[in-house]
Amino acid sequence: MTIEQALSWSKAKLSADGVSDDGLHDSAAVDSKVLLAACLHKELVYLHTWPEKVLDKLQLQEFQEYVEQRSLGHPVAHIIGYRDFWTLRLKVTAATLIPRPETERLVEIALDLNLPEKTKVLDLGTGTGAIALALASEHPSWLITGLDKSAEAIALAKDNAILHNLESVEFIQSDWFSAVSRQQFDLIVTNPPYIEENNQYLRLGDVRFEPSSALTAGADGLDDIRLIVAQSKEYLAGNAWLVIEHGYQQSAQVAGILKEHGFKKIRNECDLNGLPRISLGCM
């Protein structure tokens, strides 16, 4: 079977099984290419350059196994063991949320802020370490700490730091601020749980295989954001920023929470899809 034939077979199978990343959009063609590239240990451009390349027996067997897992709904990132985020290829496991492209917008916003040369950054709910490591890759002089209550997540984030020679980033197991000593940060960033506990989205796509603790936060999805905003005031230096990712229908509520706790210069920013998904304020 050639690369072109393998991709055609996979796309037909995944389409027939109704598999997609979010339960709404057909991603069979994209998933097929990512899975095959991983099997071949090549980048996606290789598939377009050599469509007539014949797969050997082991390559074809592994690809068929990958496609079978995907047809059962398992996330592509869990199957191949990584997800690209920013300029980094990050190891991924079922213990953490899979980094999304939308979160790259949070990184862009943080990088655009007027911050000191040796900015002290706190990343709450770091997961794979995606946000912390992306910021560190752009600003090696920044002093960055990532927190997560999951010991497995912290171990994974440390592995990703080593993988990209970003071992200056410190990762600590902590339930939000519980293990943080009283210190001041110039920037706090977070992609916390923000989905309502009974949201039907939780029964669709990849999120079925991700830890619910990284997704849900009370009846309205805002419990963790309320806690973070209230407690972050104790850890922010003068003119410091809090940047939060949230659901696209929560921007007004999050802005209200920030205002209630005395934040200034509050604004909402849109993600790559034009949806208001990031809110920030200055203390």
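The following legends describe close-up views of a predicted model.

**View 1. Salt bridge between R105 and E108 in helix 6**. The closest N and O atoms of R105 and E108 lie 3.2 Å apart. Both residues belong to helix 6 (residues 103–112), where a spacing of three residues places them about one turn of the helix apart. R105 counts as buried because its relative accessibility is 18%, below the 20% limit. E108, at 30% relative accessibility, counts as partly exposed. Side chains of opposite charge can pair when their charged atoms come close. A search of the whole structure finds 13 salt bridges.

**View 2. Salt bridge between R226 and D223 in helix 9**. The side chains of R226 and D223 meet at an N to O distance of 3.3 Å. Because R226 and D223 are three residues apart in helix 9 (residues 223–232), about one helical turn separates them. R226 is partly exposed, with a relative accessibility of 35%. D223 is likewise partly exposed, its relative accessible area being 41%.

**View 3. Salt bridge between R277 and D271, and a salt-bridge network**. In the pair formed by R277 and D271, the closest N and O atoms are 3.3 Å apart. Both of these residues are buried. Salt bridges that share partners also join R105, E108, R267 and E269 into one network.

**View 4. Helix 7 and its buried residues**. Helix 7 spans residues 130–138, and seven of its nine residues are buried, so the helix is largely enclosed by the rest of the structure. The buried residues are A130, I131, A132, L133, A134, L135 and A136.

**View 5. The largest nonpolar core**. This core contains 32 residues, of which L133, L135, I144, F171, L187, V189 and V243 touch the most other members. Two or more residues each come from strand 2 (88–91), helix 6, helix 7, helix 8 (151–163), strand 6 (185–190), strand 7 (236–245) and strand 9 (276–282). Helix 7 gives the most to this core, with seven residues. In soluble globular proteins, nonpolar side chains tend to be buried together.

**View 6. Contacts of V243, and another core**. Leaving aside residues up to four places away in sequence, V243 touches L106, I109, L113, L187, I188, V189, T190, I278, S279 and L280. Apart from the largest nonpolar core lies another core of 26 residues. Among the members of this other core are L124, Y194, L258 and F263.

**View 7. The largest cavity and its lining**. A search of the whole structure finds one cavity of 30 Å³ or more. The largest cavity has a volume of about 30 Å³. Its lining is formed by A136, H139, P140, W142, I144, S168 and V169. Five of these lining residues are nonpolar and two are polar, while no charged residue is present in the lining. A136 also appears among the buried residues of helix 7.

**View 8. I162 in helix 8 and its distance from E245**. I162 lies in helix 8. With a relative accessible area of 47%, I162 is partly exposed, because the exposed class begins over 50%. I162 and E245 are 83 residues apart in sequence, and their C-alpha atoms are 26 Å apart in space.

Note on methods. Residues numbered from 1 in each chain as written. Predicted model: local features only at pLDDT ≥ 70, side-chain atom pairs only at ≥ 80, totals over all residues. Heavy atoms only, no water. Salt bridge = Lys/Arg side-chain N within 4 Å of Asp/Glu carboxyl O. Helix = DSSP H or I, 4+ residues; strand = E, 2+ residues; numbered from the N terminus. Buried < 20%, exposed > 50% of the residue type's maximum accessible area, 1.4 Å probe, protein only. Core = buried A, V, L, I, M, F, W, Y, C linked by side-chain atoms within 4.5 Å. Contact = heavy atoms within 4.5 Å. 1 Å grid on protein atoms, 1.4 Å probe; cavity = no way out; pocket = protein on both sides within 12 Å on 5 of 7 lines; lining within 4 Å. Points joined across faces, edges and corners; volume = space filled by probe spheres on them. Nonpolar A, V, L, I, M, F, W, Y, C, P; charged D, E, K, R; others polar.
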